[in-house]
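Okay, hi everyone, thanks for making the time. I'd like to walk you through a structure that is probably new to most of you, so just follow along on the screen.

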Amino acid sequence: MEQHNQVFMSSPISKSAFIKAEQCLKHFYLYKNHPYLRDSLSKEKQFIFKRGTDVGIFAQKLFPGGVDVTEGEKRDQQLFAQKTKDLIANGTQTIYEATFIYDDLLVMVDILTKQDDKWVAYEVKSSLKITDTYVKDACFQFYVIKNCLPDLVDFNLLTLNPKYVLDGDLDISKLFKATSVMKDALKNLEYFAHKTHIAKLTLEQGKIPDIKIGTHCFQPYDCDFLGTCWKNTNDSSSVLTLGKLTKQAMFDLYDKGIKRIDEIDINTIHNKEVKIQVKAAIEQKEQINIEEVRNFVTHIEEPFCSLDIEVWMPAIPYYQSTKPFQQIPFLFSMISEEGGEVKTFSYFKPIEEDLRKEFLERILLVTKDFKSILMFDKSLEETVLNQLAELYPEYRNDITDLKKKIVDLAEPIRKGNYYHPDMKGNFTLKSIAPLVNQEAGFNNLDIQSGISAMYIYESLLEQNVIEGEHIKLQLMEYCEMDALITYQLLNYFRMKLN
Ligand code: SF4
């Protein structure tokens with residue numbers, strides 16, 4: 001890779017950049033000096049960031065009447081920092097997105113508010129839990145702010161309260177939970193000074209640090225430069241594409257010089273799911289345990305249909321009696337066959353109304369005449385059905401009957417009884433879809449994952465009727481494709497048995 005001449009302190013080190021330095025100094029250097037090499041942001045990540053921002057803005061209501069430093073300004077962090085300083089000097093009580101620069105480090109904090117004449121900071125996380133990474137980020141923010149604002153006496157993480165249940169009007173004071181990180185923050189002041197020094201030295205070197213790929217590329221987050229560093233390892237023959245193996249185990253092989261799957265001594269592999277992948281790579285063909293797959297398939301009773309459910313998990317509860325991030329089913333698609341013709345049925349719940357009971361009644365009605373209900377990875381569907389059984393106990397027996405009919409087509413794949421080298425270590429429906437149906441597939445769809453489907457459904461809250469109809473069609477197309485590929489997967493297995 002082209003080496004870069006010295007670029008030092010052109011802009012302060014932000015919290016994001018500092019986190020990258022913690023993960024890998026090469027990540028940090030590339031981020032600061034070669035941002036054009038970053039991987040493009042996936043739709044899923046964009047949605048997650050947007051949700052984080054939305055929840056952050058929502059949490060401002062806990063401390064109303066504050067001034068947003070970024071409002072009406074172009075994105076100039078030096079300007080934000082100056083504005084924050086001025087607001088503090090002018091006696092402002094609450095500041096949103098308060099910005100501080102100390103020793104070439106820059107942080108913004110969601111809410112800074114004066115309590116009993118001292119400053120208290122709050123960083124909002126769109127999450128039910130506090131992670132070590134969140135605490136470390138908060139400690140870094142505290143380090144920078146405390147050096148600019150000695151009157152800062154507390155720093156809190158605001159997360160969503162998993163016990164909160166919406167009952168009547170939303171009670172924002174109960175929705176969020178504040179956790180002080182002061183103990184950790186005070187302990188780590190020297191640590192940040194030391195780490196900042198190392199990060200700065202890295203930039204001073206003026207060349208990309210020579211760091212090999214490893215498990216750190218995914219901890220605590222997937223690196224933004226996987227496309228650059230991993231470009232020579234994406235081949236389906238690379239040991240780094242092996243599925244069902246921990247990243248550590250993969251790198252143990254890779255670091256021993258075993259770079260290709262077919263270089264692995266198959267006799268040293270005891271895990272069936274890994275062994276099937278190695279065998280497929282050595283023989284360069286699909287692997288099937290005919291006996292096991294036949295046994296699995298013969299238990300499927302006719303008539304059968306396939307079923308897929310999509311869920312929405314709003315961070316802020318939207319319907320009465322729901323909790324933050326509760327799974328709300330909003331769409332199901334069912335595929336069946338009648339007179340040799342494939343039939344599709346979908347039910348879509350409008351976002352404005354909590355029609356979960358109707359949703360359940362429709363699912364029970366359309367599936368009742370089938371003896372087997374095919375799914376691919378039934379865990380989400382089962383969780384949803386269990387929640388509906390709790391909510392509507394009058395349907396508990398019907399739900400139990402439905403659950404007994406579920407056949408999970410992921411099972412033969414998960415258990416290592418079927419594998420094709422084109423699956424590249426991936427055991428999902430998306431990875432097997434091109435083998436099952438070469439014409440249709442997820443690649444031609446606007447929505448390609450359950451997470452995208454969830455966020456796009458959420459966007460209906462902001463759309464007009466015409467856009468809403470378009471989104472509804474996209475979501476149904478995605479869910480129907482999921483159900484269709486699941487349905488066709490059974491035929492695919494049956495064909496292999498002939
Ligand atoms: S891909 Fe891995 S080695 Fe490369 S910059 Fe990212 S974390 Fe560092």
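I'll go from the whole chain down to a helix, a ligand shell and two sets of strands.

One thing up front: this is a predicted model, so keep that in mind throughout.

Let's start with the overall picture. The chain has 498 residues, and 33% of them count as buried. Its secondary structure adds up to 19 helices and 14 strands. If you lay the C-alpha trace along its principal axes, you get a span of about 80 × 60 × 40 Å. And how do the contacts run along the sequence? If you take contacts between residues at least 6 apart, 69% of those join residues at least 24 apart.

Now the domains. There's domain 1, covering 13-202, then domain 2 at 235-281, and domain 3 at 292-497. Between domain 1 and domain 3, the centres are 38 Å apart, taken over C-alpha atoms. Those two domains touch, with 16 residues from domain 1 and 14 residues from domain 3 in the contact. Which helix gives the most on the domain 1 side? That's α3, residues 43-59, with six residues. By class, that side of domain 1 has ten nonpolar residues, four charged and two polar.

Okay, let's zoom in on α2, which is residues 25-33. Is this helix mostly covered or mostly open? Mostly covered: eight of its nine residues are buried. The buried ones are L25, K26, H27, F28, Y29, L30, Y31 and K32. The cover over them includes α1, at 15-23, and α8, at 189-205.

Let's look at α1 against α2 a bit more closely. With packed helices, people describe the angle between the axes and the distance between them. Here the axes of α1 and α2 come within 5 Å and cross at roughly 145°. From the α1 side you have A17, K20, A21 and Q23, and they meet L25, H27, F28, Y31 and K32 of α2. That contact breaks down into five nonpolar, two polar and two charged residues.

And α2 comes up again at the ligand. There are 13 residues around the ligand, and the ones that come nearest are C24, H27, C217, C223 and C229. So H27 is worth finding on your screen: H27 is a buried residue of α2, it is among the α2 residues that meet α1, and it is one of those nearest residues around the ligand. Which elements supply at least two residues each to the shell? Those are α2 and α9, the latter at 226-229. Of the elements, α2 gives the most, with three residues. As for the class of the shell, we have nine nonpolar, three polar and one charged.

Next, strand β4, residues 105-115. This strand is mostly covered too, with eight of its eleven residues buried. Let's go through the partners. As a reminder, strands in a sheet pair through backbone hydrogen bonds, parallel or antiparallel. β1, residues 13-14, pairs with β4 in the parallel sense over two bridges, and S14 has L106 as its bridge partner in β4. β3, residues 94-102, runs antiparallel to β4, joined by eight bridges. β5, residues 118-124, is antiparallel to β4 as well, with five bridges. If you want one residue to hang on to, take I111 in β4: Y96 stands opposite I111, and I111 also stands opposite Y122 in β5.

The turns are fun here. The hairpin of β3 and β4 has two residues between the strands, and D103 there takes a positive phi near 50°. The hairpin of β4 and β5 also has two residues between the strands, with D116 at a positive phi near 50°.

Last stop, the five-stranded sheet. This is an open sheet in the order β11-β10-β9-β12-β13, with mixed pairing. Its edge strands are β11, 341-348, and β13, 406-408. On average, neighbouring strands are turned by 30° against each other, ignoring direction. As one example of the pairing, β12, residues 372-375, is parallel to β13 over three bridges, and L374 stands opposite V407 in β13.

Two helices pack on this sheet. α13, residues 356-367, touches β9, β10, β11 and β12, and its direction makes about 15° with that of β10. α19, residues 465-497, touches β9, β10, β11 and β12, with an angle of about 50° to β10.

That's my tour, thanks for listening.

Key. Residues numbered from 1 in each chain as written. Predicted model: local features only at pLDDT ≥ 70, side-chain atom pairs only at ≥ 80, totals over all residues. Buried ≥ 20, exposed ≤ 12 C-beta atoms within 10 Å, placed from the backbone. Helix = DSSP H or I, 4+ residues; strand = E, 2+ residues; numbered from the N terminus. Contact = placed C-beta atoms within 7 Å. Near = placed C-beta within 6 Å. Nonpolar A, V, L, I, M, F, W, Y, C, P; charged D, E, K, R; others polar. Domains from an automatic or database assignment. Pairing = 2+ DSSP bridges. Axes fitted to C-alpha atoms, helices over the stretch in contact; angles between N-to-C directions.
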